[in-house]
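Q: Got a minute to go through the aromatic rings with me? Here is the model.
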Amino acid sequence: MWLGGSKQLPFLQGKARSVLDLDTHKFHGSALPPLTPGRLRLYSMKFCPFAQRTRLVLVHKNIPHEVINVNLKHKPKWLFEKNPKGLVPILEQDNRIVFESLICDEYLEDMYPEKPLRPSDPYIKARQNILEGYFEQVLRSLYSTMFTRNPEKKLRGRENLLKSLEIYETELEGKFYGGDEVGMLDFHLWPWIERIYTISHITGLEFSVEKFPKMNAWIQRMYQTPAVKATALPGEVHAAFLKSLMDRSPNYEIEVPASRL
Ligand SMILES: N[C@@H](CCC(=O)N[C@@H](CS)C(=O)NCC(=O)O)C(=O)O
């Protein structure tokens, strides 16, 4: 089912949803929508994998919130008042502002301890933090293979991407990176893995079931979790957005299936 412009759909009854999820992206010159005292707000962009990390946590913990989508090519001035770097995600509630996806998620974990996403065992937690930090490597090679026009750099980026993903294949021991239940590390890796088949198509990366059997099974399990069900987008939407991004002309208003907003 595709959205087609309607703004009043019945699925908005869901607790973690807000009418503003459906809004188009605020751009340069748009007024800042007034804050409601006590209400948590997420500044986001519909296709942003970093913001998806925070949306996954918000949905998992069923935290009531509203979403303001922002056009990141023509940013409203007020975005820089929230985050001097002008990046999303940003969380705002009354006079508190938090940004950077990992910090936003940690903040939510501390503020809303129900349905914990971090393991209590210090060693498991430390091992997860290592894998989380190493993901920077995956992102660096991923962005370099996708956005360079230099064929050699593209190839090197793809090889590095494959190598760095192999670590996540080896390290996946249980059902999830978090153990038997979905956890923070799963949510921090997921947005890029959700796009991996699209990325493979674009870059020629061989993310096959034969090469990555455990991760491919994990992907199927992740799709069964409520947070992924609520935030995942179909491959064709990712493909359309990534193509627009690679053409240096990001299209923030690509139609999104209504059930996934
Ligand atoms: N390190 C940041 C990265 C966030 C980020 O790069 N977000 C992108 C959107 S996916 C953004 O805001 N881009 C705007 C820009 O680069 O000016 C985080 O983890 O939150």
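Q: Before the rings, how buried or exposed is tyrosine 252?
A: This is a predicted model. Tyrosine 252 has a relative accessibility of 7%. That is under the 20% cut-off, so tyrosine 252 counts as buried.

Q: Which ring does tyrosine 252 pair with?
A: Phenylalanine 241. The centres are 6.0 Å apart, with 40 degrees between the planes. The pair is tilted.

Q: And where do the two residues sit?
A: Phenylalanine 241 is in helix H10, residues 235-246. Tyrosine 252 is in the segment after H10. They are 11 residues apart.

Q: Is phenylalanine 241 buried or exposed?
A: Buried, at 5% relative accessibility.

Q: New topic. How many aromatic pairs are there in the structure?
A: The structure has 14. One of them joins phenylalanine 50 and tryptophan 192.

Q: What is the geometry of phenylalanine 50 and tryptophan 192?
A: Edge-to-face. Centre to centre is 4.9 Å, and the planes make 75 degrees. The angle is over 60, so the pair gets that label.

Q: What parts does that pair tie together?
A: Phenylalanine 50 lies in helix H1, residues 49-60. Tryptophan 192 lies in helix H6, residues 184-194. The pair therefore ties together parts 142 residues apart in sequence.

Q: What about accessibility for phenylalanine 50?
A: Phenylalanine 50 is partly exposed, with a relative accessible area of 29%. Tryptophan 192 is buried, at 2% relative accessibility.

Q: Which residues do ring pairs link into a cluster?
A: Phe50 and Trp192 are among them. The others are Tyr134, Phe135, Tyr168, Tyr177, Trp190, Trp218 and Tyr223.

Definitions and conventions:
Residues are numbered from 1 along each chain as its sequence is written. This is a predicted model: local features need pLDDT of at least 70, side-chain atom pairs count only at pLDDT 80 or more; totals for chains, interfaces and linings use all residues. Side-chain values use heavy atoms; hydrogens and water are left out. Rings of Phe, Tyr and Trp (its six-membered ring) pair if their centres lie within 6.5 Å; planes under 30 degrees apart count as stacked, over 60 as edge-to-face and the rest as tilted. Helices (H or I, at least four residues) and strands (E, at least two) are DSSP runs, numbered from the N terminus. Buried means under 20% relative accessible area, exposed over 50%, partly exposed in between (1.4 Å probe, protein chains only).
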